[in-house]
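Me: Could you walk me through some contacts in this protein, one topic at a time?

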Amino acid sequence: MDESTSRRDAERSRQTILDVAEQLFAELGFEAVTMERIGRAAGLSRGAPGYFFGSKDALYRAVLERLFEGTEHLFEVTRHQLAAVPAGDLDRALEIVVGNLLEFLYERPTFLTLVEREALRRTGVMQGTRAHLSLLRSAIALAEDFAPTASVADPKQLLLSLLGLCWFPLANPPLIRDLGGRLDRSFVEARERHVVALLRAGLRSGAKA
């Protein structure tokens, strides 16, 4: 086996471990998952996760880092799309921002679950990490780009409101089921329409005040 093949195999193993660890941490929680279980579920040796990441804490951090780094593309695409929106077209801007965010969250249930779990654990693992800070900077920059169109004085408050409206329902499927619904694409589309209408009314009302 040549060196380049060995490197590719090592990278595949590393990514497989990250994929499996992400699923197990989301399903069972950090405390219930062992490195041995991750190794077996990945189809590798029991010691493979430790070989690549050193410790469970380090592997967990790597999982969170990768999830947050994956959000960068969301903000890049959204900012590019907003740049093409005619000035003052609040409706189209809202459709882009809300639609992209809901689609991202719907397609990444483990992201939702892991962030929720980490918030409840209150360990501070996410706080201050490079990926988390980069995510927040990108999100705030996006909110600042959008704020003039929406006549919003505080982009951070806009960002928090947007996250609350989009994040909470998708992070709580049992609530949706008890309300007689189901967390599927039709729900996401209906949620997008509702959030866009709600924000449109609120932002226009605020601009007149």
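**Salt bridges and rings**

Reply: Asp 19 and Arg 66 meet through their side chains in a salt bridge, at 2.9 Å from N to O; a salt bridge here is a side-chain nitrogen of Lys or Arg within 4 Å of a carboxyl oxygen of Asp or Glu. This pair links distant parts of the chain, with Asp 19 in helix H1 and Arg 66 in helix H4, 47 residues apart; helices (H or I, at least four residues) are DSSP runs, numbered from the N terminus. The model is predicted, so local features need pLDDT of at least 70 and side-chain atom pairs count only at pLDDT 80 or more, while totals for chains, interfaces and linings use all residues. Residues are numbered from 1 along each chain as its sequence is written, and side-chain values use heavy atoms, with hydrogens and water left out.

Me: Which residues are linked in a network of salt bridges with Asp 19?

Reply: Glu 22 and Arg 66 are linked with Asp 19 in a network of salt bridges, and a search of the whole structure finds 8 salt bridges.

Me: Is Asp 19 buried or exposed?

Reply: Neither, because at 41% relative accessibility Asp 19 counts as partly exposed, and Arg 66, with a relative accessible area of 23%, is partly exposed as well. The cut-offs are under 20% relative accessible area for buried, over 50% for exposed and in between for partly exposed (1.4 Å probe, protein chains only).

Me: New topic, how many aromatic pairs are there?

Reply: The whole structure holds 7 aromatic pairs, where rings of Phe, Tyr and Trp (its six-membered ring) pair if their centres lie within 6.5 Å, and planes under 30 degrees apart count as stacked, over 60 as edge-to-face and the rest as tilted. One of them is the stacked pair of Phe 25 and Phe 30, at 5.7 Å centre to centre with 25° between the planes.

Me: And why is the pair of Phe 25 and Tyr 60 edge-to-face?

Reply: Their planes stand at 80°, with the ring centres 5.2 Å apart, so the pair counts as edge-to-face. Phe 25 lies in helix H1 (residues 3-28) and Tyr 60 in helix H4 (residues 56-69), 35 residues apart. Phe 25 counts as buried at 0% relative accessibility, and Tyr 60, with a relative accessible area of 3%, is buried too.

Me: What sits over the ring of Phe 30?

Reply: The charged end of Lys 56 does, 4.3 Å from the ring centre; the rule asks for NZ of Lys or CZ of Arg within 6 Å of the ring centre and within 35 degrees of the ring normal.

Terms used:
Helix = DSSP H or I, 4+ residues; strand = E, 2+ residues; numbered from the N terminus.
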